[in-house]
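New to this one? Take a moment to turn the model around before reading on.

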Amino acid sequence: MRIDSLDALPGLLPGSYRGRTLHFLDASSEHGRRVLEYLFPGVDAPAYDDFGLLPSVVTIDALVIGDDYKGQVKSLQRAFETPGPGLLMHPWLGPMSVILEEPASIAFSVRELRVARINVRLKRVQIGGGVGQVLSGLGGGVASLLSAAQALIDVVDVLVLSAARGAAIRRTVRLIAAAANAVTPPSDGARLLPEIRSILAASAPETPATFGSWLSGAVSVLSAVAEEPAVASALASPPVSTAQAKIAVASDLAGRMMDAAASAPSQVDAALLVAAAAEFLSAAARQSVYADFASRREATAYRTAMTAALSALIDRAEILGSDTYQAASSELIRGARRVSSAVVIEMNEVVGRLPEVLVFASEREHDAWQVAQHIAGDRPGQIEAVYLDIVARNRPRHPAVMEGSTVEALEIR
């Protein structure tokens with residue numbers, strides 16, 4: 001399930017109930033305590049008893065959209081009729097276990113074809129050790145995806161004949177090394193690929209156990225967090241690769257692994273390539289916490305690209321349908337979905353704090369300084385910063401004569 005479909009539905013946020021996708025219009029919640037009021041004759045002041053925390057009630061207005069909207073509605077109807085608590089993926093508040101407070105409303109209209117409107121009130125419930133606690137955040141999701149990838153490698157080690165797995169490992173090692181040599185590093189990550197290539201070229205693994213540690217060495221470079229000291233050293237130091245650069249390299253490598261898995265010569269090769277793609281995507285997801293996104297556009301683009309890559313990983317894992325890989329691939333699918341949900345929740349919070357990219361359209365040539373004054377004229381101290389952002393974002397041949405129909409600039413907050 002691809003939880004992020006904002007490109008197709010602008011203005012809506014994705015979520016789900018019991019695994020059924022919903023596109024949220026509005027959501028509200030009620031919070032408080034259970035208080036009982038006593039009124040006595042002849043006494044002006046009432047008395048109160050506190051009976052504890054009031055279960056939060058979440059009200060959702062959402063849409064179901066698509067050519068198969070009637071099938072989606074029937075599936076959602078069965079989900080509403082299922083007894084017991086279910087998992088709600090709230091686009092702002094995250095995962096929560098809920099039960100229906102009252103019957104859900106499903107509405108159709110002749111003015112809205114291929115659309116159904118959903119209104120439902122759900123009450124939060126506390127379940128110790130249940131699904132609501134398992135899906136707790138991005139860190140736990142990344143750990144579960146890495147564990148599932150290693151479990152898939154272990155299956156190859158235990159259940160595949162030695163001759164078949166040895167040949168598959170050698171082919172997979174060559175593919176991963178070739179992918180690392182083919183990736184073009186971003187300008188702020190020039191140090192990444194030489195380090196990764198040296199790790200991959202150090203020793204070629206021959207068994208699944210050594211393959212897992214060999215792959216983890218390269219993934220650790222992309223997962224590492226660069227710590228910047230509070231006081232800069234006087235000595236010149238090499239530039240540090242940014243989190244965005246690590247995301248770009250890890251996503252590129254994962255995409256190449258999934259493309260190779262689609263045309264793998266055997267199920268063993270496909271399993272190893274899917275495991276490698278999962279580890280690279282876990283590194284890209286982990287870096288989202290440390291990425292310094294400049295605008296909502298950048299954060300939204302990362303969210304969409306990341307969830308699309310995880311959806312493609314799920315599709316590749318589902319192809320491993322034989323009994324040999326069924327348990328391990330199912331665990332990897334659950335881990336990928338967990339990471340996808342956590343990335344959406346994390347990035348929805350980040351997007352709300354970031355400025356938007358302003359677009360100015362004109363048939364005449366632009367002067368970057370005049371555009372900067374137009375944006376930050378009431379804040380003279382920020383005009384120069386806006387001017388530098390316009391030049392860096394649009395890359396004109398000359399800032400005073402900016403050709404083209406549009407100019408992009410970062411919104412000031």
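What follows is a short tour, from the whole chain down to a few residues.

Keep in mind that this is a predicted model. The protein chain has 413 residues, and 42% of them are buried. You'll find 12 helices and nine strands in the chain, and its C-alpha trace spans about 90 × 65 × 50 Å along the principal axes. Contacts often reach far along the sequence: of those between residues at least 6 apart, 70% join residues at least 24 apart.

On the outside, the chain exposes about 21400 Å², with carbon and sulfur atoms supplying 54% of that. As for charge, there are 37 positive and 44 negative ones, and their mean positions lie 5 Å apart.

Now to some strands. Here are two antiparallel pairings, side by side:

| Strand | Partner strand | Bridges |
|---|---|---|
| β1 (residues 13-17) | β2 (residues 20-38) | five bridges |
| β2 | β3 (residues 47-65) | 13 bridges |

β1 and β2 make a hairpin with two residues between them, and in that turn arginine 18 has a positive phi of about 50 degrees. Right by the turn, tyrosine 17 stands opposite arginine 20 in β2. Over on the β3 side, alanine 62 is the bridge partner of phenylalanine 24.

Last stop: serine 282, which sits in helix α8 (residues 267-286). Is serine 282 buried or exposed? Its relative accessible area is 1%, so serine 282 counts as buried, the cut-off being under 20%. Beyond its neighbours within four places in sequence, serine 282 is in contact with Val142, Leu145 and Leu146.

Key
Residues numbered from 1 in each chain as written. Predicted model: local features only at pLDDT ≥ 70, side-chain atom pairs only at ≥ 80, totals over all residues. Heavy atoms only, no water. Helix = DSSP H or I, 4+ residues; strand = E, 2+ residues; numbered from the N terminus. Buried < 20%, exposed > 50% of the residue type's maximum accessible area, 1.4 Å probe, protein only. Contact = heavy atoms within 4.5 Å. Areas by Shrake-Rupley, 256 points an atom, 1.4 Å probe, with all protein chains shown as cover. Lys, Arg positive; Asp, Glu negative; His and termini not counted. Charge placed at Lys NZ, Arg CZ, Asp CG, Glu CD. Pairing = 2+ DSSP bridges.
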